[in-house]
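User: Could you take a close look at one helix for me and walk me through how it sits in the rest of the fold? I'd like one connected story rather than a list.

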Amino acid sequence: MTPTSHLIQPDALVLWRTLSDFARELGEAGLPVPCRRDPDPFVSEEDEERDAAAGYCLAACPLVQLCGAYADAQGETWGVYGGRDRTTQAQGRSSSRREQVAA
Ligand code: SF4
């Protein structure tokens, strides 16, 4: 749940802010969403780990639809959002999202 670009598209910005607010509130309530508990699988370079992360979204995240809507609006092409691996072949080995998650 980290934008792959520092520039969030205008259509995606409200979705991103709403998603971030809900995720923060869940965390403050002691119910962190899976990608905040352990972000590594969501940005892994290993297909199998990203597949597992997508399963964590579907099994345990109440924000899955909102997150998917954000990723669609933003055109994310790297990592897992909303229960789906958005990684494309062209972006598959980019390290940009990993660097952002680590920041
Ligand atoms: S759907 Fe997945 S990537 Fe999106 S906020 Fe939930 S756990 Fe994170």
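Analyst: The buried residues of α1 pack against two other helices, α2 (34–37) and α4 (64–74). Keep in mind that this is a predicted model. Which residues of α1 are the buried ones? They're A12, L15, L19 and A23. Those four cover an arc of only 65° around the axis, so they sit on the same side of α1. That spacing fits a general rule: an α-helix has 3.6 residues a turn, so residues three or four places apart point the same way. Flip to the other side of α1 and you find exposed residues: P10, V14, R17, D21, E25 and E28.

The length of α1 checks out too. It runs over residues 10–28, and at 1.5 Å a residue its 19 residues should span 27 Å; the end C-alpha atoms are 28 Å apart, which agrees.

Now the two ends. In the segment before α1 there's L7. L7 counts as exposed because it has 9 C-beta neighbours inside 10 Å, where 12 or fewer is the cut-off for exposed. Still, its C-alpha atom is 9.3 Å from that of Q74, although the two are 67 residues apart along the chain. Just after α1, G30 takes a positive phi of about 85°.

The packing partners of α1 also turn up around the ligand. Of the 15 residues there, P34, C35, C57, C61 and C67 come nearest. The elements giving two or more residues to that shell are α2, α4 and β1 (80–81). By type, the shell has 13 nonpolar residues, two polar and no charged.

Note on methods
Residues are numbered from 1 along each chain as its sequence is written. This is a predicted model: local features need pLDDT of at least 70, side-chain atom pairs count only at pLDDT 80 or more; totals for chains, interfaces and linings use all residues. The expected span of a helix is 1.5 Å times one less than its number of residues. A residue is buried if 20 or more other C-beta atoms lie within 10 Å of its own, exposed if 12 or fewer, and partly exposed in between; C-beta atoms are placed from the backbone. The arc is that of the directions from the helix axis to the C-beta atoms. Two residues are in contact if their C-beta atoms, placed from the backbone, lie within 7 Å. A residue is near a molecule or strand if its C-beta atom, placed from the backbone, lies within 6 Å of it. Ala, Val, Leu, Ile, Met, Phe, Trp, Tyr, Cys and Pro count as nonpolar, Asp, Glu, Lys and Arg as charged, and the others, Gly among them, as polar.
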